[in-house]
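Please open the model in your viewer and keep the selection tool at hand, since this tour moves from one small group of residues to the next. At each stop you will be told what to select and what to look for.

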Amino acid sequence: MGRPLLITICWFLSITIANAQTLFTYGNDSVSVATFLQAYNKNNTAENKSSKALQDYLNLYIASRLKIKEAKARGYDTLPQLVSDLDNLRTQVMPNYLNDAPSVNRLVAEAFARSQKDIHIAHIFVSFTDKSGKEDSAAAWKEINEAYHKLKSKVSFAEVARQYS
């Protein structure tokens, strides 16, 4: 059980880390690669997505993030005229974002594909604390290995779960 579990955890972490990788930071804020690529793919509809186009968009994206941060720091986001202009812009632009058919269709297709799979998961819980409340990882590891060997020797999962969980 130790090796397959370790491989599964490593695989999950590598996917999570790859998706959460930071592209750039500015002040206390950061932008992940996934966030940037989502904005790039949504706003750059050209068929030819060259590396120069990507670099140009990155430069504009960084500049816009910096300008927004500076405007907020100066309090421009609270000026009455700018608040009114922003509200007007939202009323003009928001319907386009709410009615983004390709994105909605992609999400619906993804949800449908996921709904076609029945995933049944069961686990055996082994606590690292003993009855007195002290942590004992060696004893827990021993129990985990015992449970694993019983499962390998074809003892039913329900029976092993009852005994060790």
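Helices in this tour are DSSP runs of H or I with at least four residues, and they are numbered from the N terminus. With that in mind, and remembering that what you have on screen is a predicted model, select Leu82, whose place is in helix α4. Leu82 is partly exposed, because its relative accessible area is 40% and that class covers values between 20% and 50%. Now add Tyr76 and Leu79 to the selection, and you will have the three residues that make a nonpolar surface patch of about 260 Å².

**Charged pairs along the helices**

How many salt bridges does the structure hold? There are five of them, and the next three stops show you some of these pairs.

Stay with helix α4, which covers residues 80-98, and select Asp87 together with Arg90, which form a salt bridge whose closest N and O atoms are 4.0 Å apart. These two residues are three apart in the helix, so about one helical turn separates them. Colour them by accessibility if your viewer allows it: Asp87 is partly exposed at 39% relative accessible area, and Arg90 is likewise partly exposed at 44%.

Next, go to helix α3, residues 51-74, where Lys52 and Asp56 both lie, four residues apart, or about one turn of the helix. Show their side chains and look for the salt bridge between them, in which the closest N and O atoms are 3.1 Å apart. Is Lys52 buried or exposed? Lys52 is exposed, with a relative accessible area of 56%, whereas Asp56, with 36% relative accessibility, counts as partly exposed.

For the last of these stops, select Glu110 and Arg114 in helix α5, which spans residues 101-115; they are four residues apart and thus separated by about one helical turn. Their salt bridge brings the closest N and O atoms to 3.0 Å from each other. Here Glu110 is partly exposed, at 34% relative accessible area, while Arg114 is exposed, at 60%.

**Aromatic rings**

Clear the selection and turn to the aromatic side chains, for which a search of the whole structure finds seven aromatic pairs. Begin with Phe24 and Tyr26, which form a tilted pair, with 5.9 Å from centre to centre and 35° between the planes. Both of these residues are buried.

Then select Tyr40 and Tyr57, and rotate the view until you can see both ring planes. What are the distance between the ring centres and the angle between the planes of Tyr40 and Tyr57? The centres are 5.4 Å apart and the planes stand at 65°, so the pair is edge-to-face, since that term applies to angles over 60 degrees. Tyr40 belongs to helix α2, residues 33-43, and Tyr57 to helix α3, so this pair ties together parts that are 17 residues apart in sequence. Tyr40 counts as buried at 4% relative accessibility, and Tyr57 is buried as well, with a relative accessible area of 17%, because buried means under 20%.

To finish, select Phe24, Tyr26, Phe36, Tyr40, Tyr57 and Tyr61 together, and you will see the cluster into which ring pairs link these residues.

Definitions and conventions: Residues numbered from 1 in each chain as written. Predicted model: local features only at pLDDT ≥ 70, side-chain atom pairs only at ≥ 80, totals over all residues. Heavy atoms only, no water. Buried < 20%, exposed > 50% of the residue type's maximum accessible area, 1.4 Å probe, protein only. Phe/Tyr/Trp six-rings, centres within 6.5 Å; stacked < 30°, edge-to-face > 60°. Patch = residues over 30% accessible without salt bridge, like charges linked within 9 Å, V, L, I, M, F, W, Y side chains within 5 Å. Areas by Shrake-Rupley, 256 points an atom, 1.4 Å probe, with all protein chains shown as cover.
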